[in-house]
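Colleague: I am new to this structure and should be grateful for a close look at a single part of it, namely the salt bridges. Please also describe the surroundings of the elements that carry them.

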Amino acid sequence: MQAMTIAIGKTGITKFLSRYLGGVLIDGMTGIRPPDRQFPVPDFGNMGAGYSDSFSHIGVALSGGSLPGFKPAFGSAVQHPAGTFDVSLAAPAFSVAYSWHEVYDETFCSNSSHGSFCTPSHGDRWFGYSAAVTKLDATFTLGFSYVDTAKAYRMTVQSSKATAGTVTPSIPAGSVVQNEDSGCFSAHVSDATATMVSAVDFGGLVAGSCNSLFGSIPASGHLTSDIVYQFAVGDSGLTYPSDTGVAVGVTGTVTFQGTEYPGAKPAALPVPVPPADTHDVRIYVSGYEVNALHWAYFRAGLLDVTVQPSDLPDPDVLKVKTYVAIIPELKPYAADAMSATVKPKAAPEVAFEDVWILTSQVMTTLKATLPGSVYLQLSGLDGNAYVDTAALESDLTAAGVTTTYFPQIESIAKSIGMALTQDLEFTITVQNGAQQPPVIVFDIKRHDILQLLGLGKTGAAQTMTYTFTRVDAAATFVSSTVPHFPGGANFGDLIWPVAGEPRYDEALAAMGKGAGVPLPIMSGFTFRFGDAVLSIQEGYLSILAGVDFSS
């Protein structure tokens, strides 16, 4: 399954490696410690007039190392085919600090006319040790992959190399090795220090940090505690369409309280081309993801609404007395109020199809291309939306537009859209205090078009949002327990737009605009809303966006 596909372009990869890894190097590596080291010191001795002093079994251990002043900076990153990245970093002059622990055996002999006297002793001493390092250069090759068994993305270190610059050690004053005549040991300590600094696992630190970051991707699919989008790798896997981009298919499976959305699995989405330098990421989202959101909200009862008179600007809309004149059968309840409930009979589902919307942009084009008199006739339809040409042509005819201009208007207004048909149950309950109060039940068939795609945020999830543009709604009488209720759709058509539809619109807005469809992203990264480009394509939604990182 593959309900989402993502392509990250050159700017996105560079931003990730430079901004994120640069931050990791500065924040994470400043606290790293070089490894401990032990090394032997060759025996040596000193002789003078009337004495000799020899040292043997000498050992020096450096432990508890730190790197004061170590502040590496990101250098560069180069992507290669098959998903490898060469990363470099450099650190200017810094220090190395260790605890110096030395042990040795010493034999001191004095010679005089009375003979030779030797005194053996054992030394075990601690000092502080420091060294100055002129610089450090490090390079490592990272590999990016998806581990199916772990259901996780992984960054691995394929090779690494670190080289320290000139090291100038400060041998502790009073250390036994200061008695050594040769400067060989000082050079040996210098080389050992450089080796220890170079042995720091810089690549492993970066890979470990990245893997922690990748581990945050699943959490970005948690829209609520009950509604979860799962972002495992989909059918196309992880691919590298060029040496300047990464592409990945994502399953996008959706569950509500652990139960998977039962809708038909979508055809595998195409993999996007990595975006140009103006944006970082391109994402395709199938209608399956939108329908799954609707299903989850339906299952959670979040699309069910109840309206009381006090909820309305005009409470009389839900007072029986308002309708007694046109429906005499309601007269026994004239002193009673009513409540209205709206419940979808099934989860709303979208379909990609041709729609006709008289948006402001469309109206501007029509104004420039139609005769002025025809545009004036048409202007009353500004903002209308249609899911078929029959309804559009009916309105054009009612507006006085001649059929000659129908094809031109339809061509300009036509686009690929996400059309939504909703079957709702609309129930009016008379609040007369009875155990089983009278009810009047209508079916509402409503058509909407999803529009105004955008990006939003719900909790930790970053989402694709949308709005519902109502096309039409029609009431059909189903049943009533009001004695001799005349039936017909008139009462439903009268009360639905005022008492039911506005509150249901709020529930839809909370789902589409307030929540939205979660998109996979890593912690600390945010989609940049301002320059995002979202559009409806034939069979999927397209998102082109920049991404920002905040440490």
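Modeller: The account below begins with the salt bridges and then turns to the elements around them.

The model is a predicted one. Across the whole structure, a search finds 14 salt bridges. As a general principle, side chains of opposite charge can pair when their charged atoms come close.

A suitable starting point is helix H9, which covers residues 490–515. Asp-505 lies in this helix and Arg-446 in strand E23, so their pairing ties together parts that are 59 residues apart in sequence. The closest N and O atoms of Asp-505 and Arg-446 are 2.7 Å apart. The two partners can be described by their accessibility. Arg-446 is buried, because its relative accessibility is 1% and the limit for a buried residue is under 20%. Asp-505 is partly exposed, with a relative accessible area of 31%. This pair also belongs to a network of salt bridges, in which Arg-446, Asp-448, Arg-470, Glu-501 and Asp-505 are linked.

Helix H9 holds another partner, Arg-503. Arg-503 forms a salt bridge with Asp-311, and the closest N and O atoms of the two are 4.0 Å apart. Asp-311 sits in the loop between strand E18 (305–307) and strand E19 (337–344), so that the pair links distant parts of the chain, 192 residues apart. Asp-311 counts as partly exposed at 33% relative accessibility, and Arg-503 counts as partly exposed at 23%.

Strand E23, residues 439–458, takes part in a further contact through Lys-445. Lys-445 forms a salt bridge with Asp-423, their closest N and O atoms being 2.7 Å apart. Asp-423 lies in strand E22 (residues 414–431), and the pair therefore ties together parts that are 22 residues apart in sequence. Asp-423 is partly exposed, with a relative accessible area of 36%; Lys-445 is partly exposed as well, at 39%.

Strands E22 and E23 also appear in the lining of the largest pocket. About 410 Å³ of space lies in this pocket. It is lined by 19 residues, and those closest to its centre are Ile-357, Thr-359, Ser-415, Ile-416 and Gln-451. The elements that give two or more residues to the lining are strand E20 (349–357), helix H5 (360–369), helix H8 (406–413), E22, E23 and strand E26 (525–536). Of these, E23 gives the most, with five residues. By class, the lining has eleven nonpolar, seven polar and one charged residues.

One last feature concerns the approach to helix H9. His-484 is located in the loop between strand E24 (461–480) and H9. In general, most residues other than glycine have a negative phi. His-484 has a positive phi of about 60° although it is not a glycine. His-484 counts as exposed, because its relative accessibility is 71% and the limit for an exposed residue is over 50%.

To return to the request, strand E23 holds Arg-446, the partner of Asp-505 in H9, and Lys-445, the partner of Asp-423 in E22. Strand E23 also gives five residues to the lining of the largest pocket.

Conventions: Residues numbered from 1 in each chain as written. Predicted model: local features only at pLDDT ≥ 70, side-chain atom pairs only at ≥ 80, totals over all residues. Heavy atoms only, no water. Salt bridge = Lys/Arg side-chain N within 4 Å of Asp/Glu carboxyl O. Helix = DSSP H or I, 4+ residues; strand = E, 2+ residues; numbered from the N terminus. Buried < 20%, exposed > 50% of the residue type's maximum accessible area, 1.4 Å probe, protein only. 1 Å grid on protein atoms, 1.4 Å probe; cavity = no way out; pocket = protein on both sides within 12 Å on 5 of 7 lines; lining within 4 Å. Points joined across faces, edges and corners; volume = space filled by probe spheres on them. Nonpolar A, V, L, I, M, F, W, Y, C, P; charged D, E, K, R; others polar.
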